[in-house]
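Here are my notes on the structure you asked about, written as numbered points. Keep the picture open beside them and look up each residue as you read.

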Amino acid sequence: PVPAPEAWHRILPPEWVPIIARDATRQQRRPNSQAPLSDAYLAGMPPKRRKVVT
Amino acid sequence: MATRRSAGVERVLNKLGAAVSAGNFYEAHQLYRTLYFRYLMQEKYKELLDLLYSGSKLLLQNEQLTSGADLCNLYVDVLGKSSEPVSDDVMKKLSELIGLIGPGVPERENFLSNALRWSVKGSPDFKTGHPQLHRFIAQIFWREKNYVLARYHFLHSTDGSSFAMMLVEIHTRQGYPSEVDLFITQVVLQYLCLHNKTTAADAFRCYTLKHPDIKPGPPFLEPLLNFIWFLLKAIESGKLPVFTLLCKKYKPSLDRDPTYTSYLNKIAQIFFGLAPQRPRNQGFLGNLMQLLNDPHSSDSDEDEHPPKTSSGQNRSNQKMEAEELD
């Protein structure tokens, strides 16, 4: 079951809540599609997975 | 008989000394091999190990890479036969020899996997090789700028801070600025999938501290870094609702790399007691885990739930990975 909007506050340590709330706003501002990943980054994936993503 | 034998060894040793000082490395290599067979028959492992180590070094330092690598393989072969314990000292020697062989010598790969296989002797916990040997090997590949192999070996080591320093180097040289948080997230999740939460935390701490583009935290400016910070804490508490909530709240960040979901499913099983996925998904996860695992080892699955593939298939997959890794 999905917690009600404020119910999630009770699950977490209270000091996390403002950080997560602030991050929620930050994440909204991010463009929806991630820019293509660099080869240097993709090289860190297990080889087969890399092929699926690229 | 015994004296005749040792007199024979004495003679070969003298010839070896002469060949070396004359710079006749071809002959020296043959003499080392002769001595290998003689000592082996006499079960004089200690002497043989010293001889093969110094011989390997001598040949490698004189650019006799193929014959030097041949002696390296004899060295690791004798290690297996002897009762020499797995120690930092021997692992240092093994990695020193790997470094001296250098890239581009085909025998090196064989030596490396034999060394790793030997290093698990007596420690059934390390299936892919001793973490300390992985660490030494990672440093060699890092020095050679072979980031792919260095990454793989760091991941099986417990040296999270060196791994972090290498990630800073890779990211600042070859990554995109927007990936500053992705590089460490990928590695933390991979460490966690390998059950190594301590090293995951070390790597995270060191990366966020040392990366010039990350403002000190926690909390961090990058949501994904906060996610990892919380995740590491949540693992300590083992509370599944906290974990699922974090994954939900940070979904936009986590979606930036499609592989994260499968890592997190695995992490849910390892640290939060979530039941394994349905067979279909498990097969996929199993494969992913298999790919994270050692290409050098014959024992691929560190998991209690082996993937559905047959062991024959596992082996060929690993072989393919080993080839791709090179």
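1. Let us begin with F163(B), which is buried at a relative accessible area of 1%. Please keep in mind that this is a predicted model. The cut-off for buried is under 20% relative accessible area, so F163(B) qualifies. Two ring partners of this residue are worth finding in the picture, and the next two points take them in turn.

2. One partner is F154(B). A pair of aromatic rings is described by the distance of the centres and the angle of the planes. For F154(B) and F163(B) these come to 5.4 Å centre to centre and 20° between the planes, and the pair is stacked. F154(B) is buried too, at 0% relative accessibility.

3. The other partner is Y191(B). How are the rings of F163(B) and Y191(B) arranged, stacked or edge-to-face? Their planes stand at 75° with the centres 5.9 Å apart, so this pair is edge-to-face; the cut-off for that label is over 60 degrees. F163(B) belongs to helix 9 (residues 160-174) of chain B and Y191(B) to helix 10 (residues 180-193) of chain B, so the pair links distant parts of the chain, 28 residues apart. Y191(B) is buried, with a relative accessible area of 0%.

4. Now for the other aromatic residues. Over all chains, the structure holds 12 aromatic pairs. One aromatic cluster brings together W16(A), F227(B), W229(B), F230(B) and Y250(B). Elsewhere, a ring has a charge for company: the charged end of K93(B) sits over the ring of Y53(B), 4.8 Å from its centre.

5. Helix 7 (residues 131-143) of chain B makes a nice exercise in checking a length. At 1.5 Å a residue, its 13 residues should span 18 Å, and the end C-alpha atoms are 18 Å apart, which agrees. The rule multiplies 1.5 Å by one less than the number of residues. Is this helix enclosed or open? It is largely enclosed by the rest of the structure, because 10 of its 13 residues are buried. Among them are F136(B), I137(B), F141(B) and W142(B). The cover over the buried residues includes helix 5 (88-101), helix 6 (107-119), helix 8 (147-155) and helix 9 of chain B. Following helix 7 of chain B is K145(B), whose phi is positive, near 60°.

6. Try the length check again on helix 15 (residues 260-272) of chain B. Here the 13 residues should span 18 Å at 1.5 Å a residue, and the end C-alpha atoms lie 17 Å apart, which agrees. Helix 15 of chain B is mostly covered, with 10 of its 13 residues buried. The buried ones include Y260(B), Y263(B), K266(B), F271(B) and F272(B). After helix 15 of chain B comes G273(B), with a positive phi near 65°.

7. Just as rewarding is D257(B), in the loop between helix 14 (251-254) and helix 15 of chain B. Is D257(B) buried or exposed? At 0% relative accessibility, D257(B) counts as buried. Its side chain and that of T259(B) are joined by a polar contact of 2.7 Å. Leaving aside residues up to four places away in sequence, D257(B) touches Y41(A) and M45(A).

8. For another loop residue, look at H195(B), between helix 10 and helix 11 (197-210) of chain B. With a relative accessible area of 37%, H195(B) is partly exposed. H195(B) and R135(B) are 60 residues apart in sequence, and their C-alpha atoms are 17 Å apart in space.

9. Finally, step back to each chain as a whole. Chain B has 17 helices and 0 strands, and 54% of its 326 residues count as buried. Of the contacts in chain B with a separation of 6 or more, 61% come from residues 24 or more positions apart. Chain B exposes about 14500 Å², with carbon and sulfur atoms supplying 53% of it. Chain A comes to 4 helices and 0 strands, in the pattern α-α-α-α along the sequence. Buried residues make up 37% of the 54 residues in chain A. Chain A exposes about 3500 Å², of which carbon and sulfur atoms supply 59%.

Note on methods:
Residues are numbered from 1 along each chain as its sequence is written. Chains are lettered from A and ligands numbered from 1 in the order in which they are written. This is a predicted model: local features need pLDDT of at least 70, side-chain atom pairs count only at pLDDT 80 or more; totals for chains, interfaces and linings use all residues. Side-chain values use heavy atoms; hydrogens and water are left out. Helices (H or I, at least four residues) and strands (E, at least two) are DSSP runs, numbered from the N terminus. Buried means under 20% relative accessible area, exposed over 50%, partly exposed in between (1.4 Å probe, protein chains only). Contact means heavy atoms within 4.5 Å. Accessible areas come from the Shrake-Rupley method with a 1.4 Å probe; for residues, only the protein chains shown count as cover. Rings of Phe, Tyr and Trp (its six-membered ring) pair if their centres lie within 6.5 Å; planes under 30 degrees apart count as stacked, over 60 as edge-to-face and the rest as tilted. A charge sits over a ring if NZ of Lys or CZ of Arg is within 6 Å of the ring centre and within 35 degrees of the ring normal. A polar contact is a pair of N or O atoms within 3.5 Å; within protein, one must be able to donate a hydrogen and the other to accept it, and residues adjacent in sequence count only if both atoms are side-chain atoms.
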